[in-house]
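Me: I have a model open and would like a close look at the links between its side chains. Please take me through them in one connected account that I can follow on screen.

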Amino acid sequence: MTTAPRAAAARPHRVLTRLLTALVLALGALLVPFAPAAPAAESLLSQGRTVTASSTENGVAFPASAAVDGNAGTRWSSAFADPQWLQVDLGATATVSRVVLQWEAAYATGFKLQTSADGSTWTDVYTTASGTGGTQNLTVNGTGRYVRMYGTARATPYGYSLWEFQVYGTPGGGTGGDVQLSYNKPAVASSSQNDGGCGNCTPSRAVDQDPATRWATSAWSDPGWIYVDLGATATVHKVILQWDPAYATAYRLQVSDDAATWTDIYSTTTGKGFKETIADLNGTGRYVRMYGTARVSQYGYSLWEFQVFGTGGSPVTPPALPANPSFPAGRLVFGDEFNAANGTAPDAGKWTTDPGPGVNNELEYYTTGNKNLYQDGTGNLVIEARKEVTPGSSCPRDPLSGSTTCQYTSGRINTSGHFDFTYGHAEARIKVTGTQGLWPAFWMLGSNFKTGTPWPYSGEIDVMEHVGKVPDSVYSTLHAPAYNGAGGYGSPYTLAGTDFANAFHTYAVDWDSAHMTFYVDGNAFFTVDRTALEATRGPWVYDHPFYLILNNAVGGDWPGAPDASSVLPQKMLVDYVRVYQ
């Protein structure tokens, strides 16, 4: 039997099939250009990147970098306190789609995942109060250069610990990414103050991104307002208000095309002051205004910062923050071991002596003489406080002698003009003095203090202060325009029954754009989180160079004056000072 007829009979079906296939391919070719593009594949963005943390339990064994090294056998572990955080710098703006947390047994029950363009202002992209530990694979939607895990509640008495912190996404911020629109743009206000209470507190001070300058109304009445000209029409998505204590309890955020007719995009009657971030806005206009209608006190309205974010406008890019160091920082950038011969003055290439009377109602006269400042030949700098009159000087009245001629001498040195730095690890090994009325310190002042910026606008970082009347404690404190003097933001470190003057101890700080952690003998005891500080005390003023200071004060508002029990002379010994980045 032949198969030819069957083959011939099948041929029309094959031809039809080919025709249909060709038609489908042709239609497909026509349709492909109109098909949506496939989404870009996400990639691991965080591995090997620069990472910083609020603290480490042990910087050698459990460094922050261990959480992004791709090794599931190494981990970061924090100090045993809340809050704590770990942040990674992706190196450039990225769209973040997923975060994987591989927790050690010390995990977070409450935490946030946050993104930031600058490592300073953060946006929550995930929040939980019921974290379960283990491996958490979390889908998020955010844009930023920095990504942070911000822990608020621990599952154990220990700290927070991550084997791996993995951030996935795609490089770039996508189209229409929000930027700051208000920096250095023209600003106008209902009134402004320029007097002894607030000198040159003009509207421009609220948009200069200097957290130590502010705008304030001169009229202490309602309403009070400030607006910024963005230079062109913009779509506004977020506004940040960093209030002085003179804040609005009721205010509106408004947009306008002509600075005459205004449209509300936000209003509240429960303003809380400090730092308020108003997100999820959607308004269009060239001008943006804060319109205050009720004040918290009898004073007016005052803003350290008025920042507007969105798209469009005619933005000027603010100066970038200095690069954050990785901790533990290991590159020595300044050091003095004080190993010169006995009687040698401090190295004039590193230190400047700072003679004259003190401040804070202190009773000493700081000299340049080697009786008060010298190296002892055994590896120490000596700053010696002495009962010694300085003829022709003027000090507050000394209770013991009744004289207003300075009755004590001591020493004070600093690195201004030789060395200053922004961010890093600074430490000194010191044996403090310990009698009534003495006040030894290792601290830093903003370098702009030397060029005319007054204290506390320059900022002050006290790594260590000790007062003789409290022998078992030392103190670390920050001072800024909104919190200073007795109202500074700080914490004591206490070893009950111990006199710190009896032995050397090492005092240190880790400092970057988002936090400071203070240490005594390697024990982290006080962490300042920038976000929390701005939300509860006032602006962070520590993103610029600072110089180092060592001194041994006599008397003053805090320690009080020497009395009949005081023993002088007293020697403050400094074994070394080192700064790492």
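Reply: **Disulfides first, then the other links**

Searching the whole structure turns up two disulfides. Please keep in mind as we go that this is a predicted model. A disulfide, as you will know from the bench, is a covalent bond between the sulfur atoms of two cysteines.

Start with cysteine 198 and cysteine 201, whose sulfur atoms sit 1.7 Å apart in a disulfide. This link is left-handed, with -85 degrees about the S-S bond. Are its two cysteines buried or exposed? Cysteine 198 and cysteine 201 are both buried.

Now move along to cysteine 395, which a disulfide joins to cysteine 406 with an S to S distance of 1.9 Å. Here the angle about the S-S bond is 90 degrees, and the link is right-handed. Cysteine 395 and cysteine 406 both lie in the loop between strand 25 (381-387) and strand 26 (408-410), so this disulfide ties together parts that are eleven residues apart in sequence. Burial holds for cysteine 395 and for cysteine 406 as well. If you number the bonded cysteines in sequence order, the pairing reads 1-2, 3-4.

Next come the charged side chains. Side chains of opposite charge can pair when their charged atoms come close. How many salt bridges does the structure hold? There are 17 salt bridges, and three of them are worth a stop.

In one of them, the side chains of arginine 154 and aspartate 82 meet at 3.1 Å, N to O. This pair links distant parts of the chain: arginine 154 belongs to strand 7 (residues 135-154), while aspartate 82 is in the loop between strand 3 (76-77) and strand 4 (84-103), 72 residues apart. Arginine 154 has 24% relative accessibility and counts as partly exposed; aspartate 82, at 38%, is also classed as partly exposed.

Another salt bridge runs between arginine 412 and aspartate 354, with 3.2 Å between the closest N and O atoms. Because arginine 412 is in strand 27 (residues 412-414) and aspartate 354 is in the loop between strand 21 (352-353) and strand 22 (356-357), the pair ties together parts that are 58 residues apart in sequence. Arginine 412, at 13% relative accessibility, counts as buried, whereas aspartate 354, at 21%, counts as partly exposed.

For the third stop, look at arginine 530 and aspartate 543, whose side chains form a salt bridge at 2.7 Å, N to O. Arginine 530 is in helix 2 (residues 530-536) and aspartate 543 in the loop between helix 2 and strand 36 (546-554), 13 residues apart. Arginine 530 is buried, with a relative accessible area of 8%. Through salt bridges that share partners, Lys275, Arg530, Glu534 and Asp543 are joined into one network.

Strands 21, 27 and 36 return in a sheet. Its seven strands form an open sheet with antiparallel pairing, in the order 21-27-36-29-30-31-32. Strand 21 and strand 32 (489-494) each have a single partner strand and stand at the edges, so one side of each is left without a neighbour in the sheet. Within the sheet, strand 27 and strand 36 pair in the antiparallel sense over three bridges. Asparagine 414 stands opposite isoleucine 549, which is in strand 36.

From there, turn to the nonpolar side chains. In soluble globular proteins, such side chains tend to be buried together. Which residues touch the most other members of the largest nonpolar core? Among its 46 residues, they are Ile430, Met516, Tyr542, Leu550 and Val577. Strand 37 (residues 570-580) contributes the largest share of this core, four residues. Leaving out residues up to four places away in sequence, isoleucine 430 touches ten or so side chains' worth of neighbours that include Phe442, Met464, Phe504, Leu550 and Val574. A second, separate core has 27 residues, including Ala206, Val207, Trp215 and Leu303.

One last residue rounds off the tour. Asparagine 324 lies in the loop between strand 19 (302-312) and strand 20 (332-336), and is buried, with a relative accessible area of 17%. What does its side chain reach at 2.9 Å? The side chain of asparagine 324 reaches the backbone nitrogen of serine 513. Not counting neighbours within four places in sequence, the contacts of asparagine 324 include Thr50, Thr52, Gln87, Tyr146 and Tyr423, along with Asp512 and Ser513.

Terms used: Residues numbered from 1 in each chain as written. Predicted model: local features only at pLDDT ≥ 70, side-chain atom pairs only at ≥ 80, totals over all residues. Heavy atoms only, no water. Disulfide = S-S within 2.5 Å. Buried < 20%, exposed > 50% of the residue type's maximum accessible area, 1.4 Å probe, protein only. Helix = DSSP H or I, 4+ residues; strand = E, 2+ residues; numbered from the N terminus. Core = buried A, V, L, I, M, F, W, Y, C linked by side-chain atoms within 4.5 Å. Contact = heavy atoms within 4.5 Å. Salt bridge = Lys/Arg side-chain N within 4 Å of Asp/Glu carboxyl O. Pairing = 2+ DSSP bridges. Polar contact = N/O pair within 3.5 Å; in protein donor to acceptor, adjacent residues only side chain to side chain.
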